[in-house]
Amino acid sequence: MSEQVVPVDAQQVFPREEGEAGAQRRIGVYVCHCGGNISDYVDVERVVQGIQDNGDVVVAKTTMFACSEASQQDMEADIKANGLDGLVVASCSPKLHTYTFRGVASRAGLNPYEYTQVNIREQCSWVHTDDREGATHKATALVAAGIGRTRNTVPLEPMVVDTTPHTLVIGGGIAGLRAAIGLADVGLKVTVVEREVAVGGWVKTLGKMYPHGKDGRVLIDTLVSEVKKRPSITVLTGAEVVGKAGSFGNYRMSIRVGGEGAGTIEILVGSVVVATGFDNYTPGDGEFGFGSEGVLTLTQFKEMVDAAKGPLAWKGRPVRSVAYIYCVGSRNTGGCSNAYCSRFCCASTVQTAVQVSGLDPSVRQFHLYRDMRTYGKFEPLYTEARDAGSVFLKFDNDEPPTVAMGANRKLTVTVRDLLTERTELALPVDLVVLVTGMIPRANQDLVDVLKVPKGGDGFFNEIHPKLRPVETTVDGVLIAGACQGPKTSAEAVTQALAAVTQSAAILKKGYTEMEPLVAVVDADACTACGDCLTTCPYEAIKMTEEGERRFAVIDAASCKGCGGCVSYCPENAIDLLGYTDDEISGVIADMIEVRV
Amino acid sequence: MTDMTDMAVARDAAPTSLDYDVLVVGAGIGGMESALKLGDMGYKVLLVEKEASVGGKMILLSKVFPTLDCASCISTPKMASTIHHANITPWTYSQVDKIRRAADGTFTATVTQKARYVDIDSCTGCQKCEMACTVAVPDQFNADLVARRAAHLTFPQAVPKKAVIDRGGSSPCSFACPAGIQAHGYVSLIRSGLDEEAFRLVLDATPLVGTLGRACYAPCEGECTRGSLEGTLPIRRLKRFASDKHDASGNDNGLARPESNGKRVAVVGSGPTGLTAAFQLAKLGYGVKVFEAAPVAGGFLRLGIPSYRLPEAVVERDIENVTGLGVEIAVNSMVSDPAALKADGFDAVLVATGTHRDSGLGVPGEDRLGVMGATAFLRKIKLGQPVDVKGKRVVVVGGGNVAMDSARVARRLGAASVTVAYRRSREEMPAHHVESVDAEKEGVEFRLLLAPAEILGNAQGGVAGLRCTEMRLGAPDASGRKSVEPVPGSSVTIDADVVIAAIGMAPDTSMFGGRVPVEKNGRLSSNKATCQTGVEHVFAAGDAVNGPTDITRAVGEGRKAAHQIDAWLNGREFDNWDDRLPVVDKQAVLARQKAFTLSAPTPDGMQLEPAPTDFHEIEAPLTEAEARRSSGRCIDCAVCSECGECVAACPVDGCIDLRSTAKTSDLKVGAVVVSTGFKLFPADLKPQYGFGKYQNVITAMQMDRLLAPTRPFNTVLRPGDGKVPDRIAYVLCTGSRDKQVDNPLCSRFCCMYSIKQNQLIMGALPLADVTVHYMDIRAPGKRYDEFYEQAKAMGANYVKGRVADITEKPDGNLLLKFEDIENGGAITEAEYDLVVLAVGVQPNRDAEELFEVGELQLDEWHYVNEPEEDMNPGQTNIPGVYVAGAASGAKDIADSIVHAGAAAAQVAAHLERTRPALPKIEMVPA
């Protein structure tokens, strides 16, 4: 299947019949109380009074929850009864409810692009809680601006693009492998790209894992054999994604493949699942004694415990005592700069401690923690560790424990224990285990290719944790596993399957509808100066010829509607649908005209 | 790990056409997410939700962590998308009864769409029924902080926005009424000040509103759930109150003469059965004529019941309800051949002639002057005929109500003495308890365990006394009454001038001369269910068929007869006129009520004199204040009272139908998603925290309601006294990490929702201090720990240490005793205005009920087990059955949504694997 581009040009914008400027419109305006979120700070009745005399406004009302089913039904009835040709809802952010009210418009037979959402909550009531008068004035002006835009809207149709039933999975760790199997099982073709020479990620290095005691190596082996049973999965190891072109539903991905047949290949995919995992935090030199003999990270210690067949030994000496220092590299502990909690480490540590007690019940284990976060069904592990003899001491982040190497080469951990009246305890131990958390992968090259945004913590950001938890702001590029944030292996798998679901929801239909909010060139006005080509970050603009005439043309499927070219064009030959010059002028004109 | 390409679910098995690809059980956030994603993928989904709205618990929340998005703003789009999705069929207010897995790997689910009594297609969500509803019960969607109506929208943002009428069954009072009168309904109406409506509700069943308000023995009151607390409601007197108010108002009764249907019915007998039947038939448009042998209409109401209990004027007013519909009543009209009335143009005939013949004593001397039957005696008095008892010694034989009436009438007529002789003891007396007690108060003497043996005569042919045999009690007989046997050789004589025999009544069928079939016991013969006799157009009902009963039963007989005559005349099958729902369980009602305000019953209003001399009415009416207070004591056992106000208020005809019934269907589906969610820990299981006892100890769900945009009080205040709290404490791990309540698990989200509430409270009440008593703060998620730090920075105070116990001070403040671990570990006390219990999660055991016992595997804590959680999250032990969200263990909203997404992937893989031979489901764009 080839990439299908649906060109949109000015002719496809259906002008309103009798739509000359100045014609009267029939607009319905709804101002939402948001159950008090707005009406506690904005006098919504006065907002309605402020705009209801506008000549284009036919219906103007307040509503308790504009998004409620009842209000939606009410709007639909109004649209039909009054033959409305424009809809304005003043409520919350368009991020939340643009689609909700476009749906209302559609169901009532109104073109959904004749709808304007005005944000008087995030951008008004919530930020002006101290000034009801001012907030009311501002809300009125914002609503008037919305009416000004709607007066100039034109009906638009979404672009329908055929999609490619093929998903690229980046990362061959447990999340990536499970996603690949899931995608294959719902009938999609899959390519897995793994940077390392073998798949398996971190889990492949783990022995017994909590809470079910499964062996990480076995889990990976099982997944690999399942992958091999599915001919629709291609696995490329030692490979990296180096380029992305095309648009939602039809991305052309460039992959640099190493080894035999090295070079760059290109595949066409409908969606991308990013499952690039995490790195382990490496403590700085001297951070809690790191670098000293006998001071290990949890990862190192876990490897040692997994390998042990009998009582633990370190450098030939039996290990009689262990101190675990929690939150190393997390929650700003001991001055590290990571603010976040790494989620998996508490349970992982107590499970490791239980394992150690199983090898040798006489080993003394001290857990120096801040909050024990064995959430949900992990709690019994914590109980089990205590029952097996582990001792838990709580430290204050203002007074973190210190690790010192004595003259006898013996490690001593000193901690002020909040659980025993802040008693300062000095614990001579054979090993100190630094419970290190997860940090984001250093993979800026990939980030540059995918343009997936990262959060303040450096992990990839979903659009919304509840509404769109595996989607990113790049359509069709999904995230799964620890690249989105610290989590357990099972949680990574769960998210991988959620990404499978999202891919299937996009691709199983075989086509997708895209927003027609794209830039269009007026070929008659274009002088083919070529300036716009330099402004487009999406490579959506090309020069074309039609007989004698040369002019720019914009590929609607690639255009993201950023508007960069619009403002740059010296001939004013480009307009952005949904944000046309007329619409923006209407916004400004009506906003400044408002008198409250 | 099972082989994920396993084809064990035979691909070759003949594919059976499915009603739906997937059944999703539960439309909380997990169920909605699974359904939406599966719908997006093109699968046909049946989504079954037991509540009347989708949305689960999330929609009830204020805001959600860590983004502080408004919960409604996140939920409502998902709810609306769910309902509008082309591939999702949402069945709300429905339940999955059982799911069975077939040999071919598909499932048959039995699903019941519960009766919501509102037509979901006609309802516009206008809430007029809610405004009109007279019943208020605790609103579970506001965590019981406020009340809601029986007719209601689940909550303001309900999707679909359709009303539902909460009917738990029949209330015990209404169910007890043999006349089928909605006792709960009129009590509820009077409580709401709708007295005329109350009158009309009773009038809907019978014309005898005033009569029943006085002379009914009120079986309803015997069943009143309040009876087991501090005493029954005066239900009968409330009915009289409504009737009196109507009479005093001068209103017409609201019944217009219906258009004639061209058919005529004759009713023989004008007692309660005949009058009720005539009334009901007239309302249906029949031309009705009542034939009464006596000189006045009303039967026993007019000829038996003494006027101190039931004044004649009341009966006459009630009869006007019948004649007002055009019913003709012919008195002094004996009918000897009912069947022959057909020749006079009557299409059907109802015989309801009652029991007017006294049973004889069967002892020597019965023919003496001064011996009479009780009905004959009462009838004479009512007709104003002379009876000579003044100054006489009167003995009444019998222990029933008629005996009591006779004795008390004799007292009023100036008898020198009145003695009731009864062959058993007081406990066995069939008379209504109140009647016998009142008779005694009026100076009637009781001689018990005496059976008449002979009436002794005097020289004038009159009576000198009653000789009796002494009796003694034996073992209970078949009816449960203790048997009696004569004491051999005993003999007791009571001096008497008059003996009234009140030992039973029987129908008088002599006038029919065998033209109406009669049973061996002398009663008319008719089918008990249909009232039809051997002659098809002749029906018989009431006491003439059943023997002596009481007014309510007689009224019920009249309603039944009218219903069946109407059925027969219209060629319909006979059916059951009584379509009441099963009675509710009183214990369940009492358990539902969280707290009772005990309130003393209204005094009975009887004004008795030791020696009454006239026939004035002895029972005082309820005052307006008494009526409101008494009706206000009703605890709405069945929730809906059937008062009918919603039906009247609904602007759409036929939208509300209290007769609608549940519908059960069997559906074939390819896979099942169990998304039945969780339950919150019932905080009263930690009695040391005082929830349910101290009003200012609330649960976190209640706090979330207090903070929500749809908050009940529009601000945060404490329930005890409405004060705005200054010092608020949180008790974390209430019901979690606690072996005492058998839950060793962490509930995962309580720390986070508490931190969220801390921040919202500090926003809503800037002066309030918030202190959180915790064990560990568990903020292990993306941006969660940062959220915790933010709360600390805003000023919330976090104290490590478990709360041992809470006590209440007289001013409603609460003393918390806790271990202050970080400050020396001393046992410390602190005083707060309000305490919030951060309740944890319990498994929803409904999940296991979906399948045969033991079929769906649960984990050791009774959550749905995911045997391969690490590789196949969402998969259960049953192939084709998946679990989404908190049904498999506590999860916060974000985790539930991701988990539901994973379950959807599992379902899709299962469907693709097991049914490739099926035609591809047509893709419907979402």
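Two strands are taken to pair if DSSP finds at least two bridges between them. By that criterion, 5 strands of chain B form an open sheet in the order E30-E37-E31-E32-E33, with parallel pairing. Strand E30 (697-699) and strand E33 (797-800) of chain B stand at the edges of this sheet; each has a single partner strand, so one side of each is left without a neighbour in the sheet. From one strand to the next, the twist averages 25°. The model in which this sheet appears is predicted, and the paragraphs below proceed from the sheet to other parts of chain B, then to the contact between the chains, and finally to chain A.

The pairing at one edge of the sheet can be followed to individual residues. Strand E32 (residues 769-774) of chain B runs parallel to E33(B), and the two are joined over 4 bridges. Within this pairing, Thr771(B) has Asn797(B) of E33(B) as its bridge partner.

A second group of strands in chain B is built around strand E28 (residues 663-674). Strand E1 (residues 20-25) of chain B pairs with E28(B) in the parallel sense over 5 bridges, whereas strand E7 (residues 107-113) of chain B pairs with E28(B) in the antiparallel sense over 7 bridges. Val669(B) of E28(B) takes part in both arrangements: Tyr20(B) stands opposite Val669(B), and Phe107(B) also has Val669(B) as its bridge partner. E28(B) has a further pairing, parallel and over 3 bridges, with strand E39 (residues 881-883) of chain B. There, Val673(B) is matched with Tyr882(B) of E39(B). As a general point, the side chains of a regular strand alternate between the two faces of the sheet.

The helices of chain B offer two instructive cases. The first is helix H5 (residues 183-191) of chain B, which is largely enclosed by the rest of the structure because 9 of its 9 residues are buried. The buried residues of H5(B) include Ala183(B), Tyr186(B), Leu189(B) and Ile190(B), and also His184(B) and Arg191(B). What do the buried residues of H5(B) pack against? Their neighbours are helix H4 (172-176), helix H6 (195-205), helix H8 (219-223), helix H9 (235-249) and helix H19 (624-632) of chain B. After H5(B) comes Gly193(B), which has a positive phi, near 80°.

The second case is a pair of helices. In general, two packed helices are described by the angle between their axes and the distance between the axes. The axes of helix H22 (residues 750-764) of chain B and H23(B) come within 10 Å and cross at roughly 35°, and the crossing is left-handed. H22(B) contributes Met752(B), Ile755(B), Asn758(B), Gln759(B) and Met762(B) to the contact, while H23(B) contributes Tyr784(B), Phe787(B), Tyr788(B), Gln790(B), Ala791(B) and Met794(B). By class, the residues of this contact are 8 nonpolar, 3 polar and no charged.

The contact between the chains involves 66 residues of chain B and 66 residues of chain A. On the side of chain B, the elements that give two or more residues are helix H1 (29-40), helix H2 (71-84), helix H23 (784-794) and helix H25 (893-914) of chain B. H25(B) supplies the largest share of that side, 14 residues. The side of chain B that touches chain A comprises 35 nonpolar, 16 polar and 15 charged residues.

On the other side of this contact, chain A has 13 helices and 32 strands. Of its 596 residues, 52% count as buried. The C-alpha atoms of chain A fill a box of roughly 90 × 65 × 40 Å along the principal axes. Among contacts in chain A with a separation of 6 or more, 71% are between residues 24 or more positions apart. The domain assignment divides chain A into domain 1 (1-158 + 584-596), domain 2 (166-277 + 441-511), domain 3 (281-437) and domain 4 (518-576). The centres of domain 1 and domain 3 of chain A, taken over C-alpha atoms, are separated by 58 Å.

One residue of chain A merits closer inspection. Arg178(A) lies in helix H5 (residues 174-185) of chain A. Is Arg178(A) buried or exposed? Arg178(A) counts as buried because it has 34 C-beta neighbours inside 10 Å, the cut-off being 20 or more. Leaving aside residues up to four places away in sequence, Arg178(A) touches Leu223(A), Val493(A), Ala496(A) and Leu497(A), together with Met871(B). Arg178(A) and Ile220(A), 42 residues apart in sequence, are 9.4 Å apart in space, C-alpha to C-alpha.

Terms used: Residues numbered from 1 in each chain as written. Chains lettered and ligands numbered in written order. Predicted model: local features only at pLDDT ≥ 70, side-chain atom pairs only at ≥ 80, totals over all residues. Contact = placed C-beta atoms within 7 Å. Nonpolar A, V, L, I, M, F, W, Y, C, P; charged D, E, K, R; others polar. Buried ≥ 20, exposed ≤ 12 C-beta atoms within 10 Å, placed from the backbone. Domains from an automatic or database assignment. Axes fitted to C-alpha atoms, helices over the stretch in contact; angles between N-to-C directions. Left-handed = near helix turned anticlockwise from the far one by under 90°.
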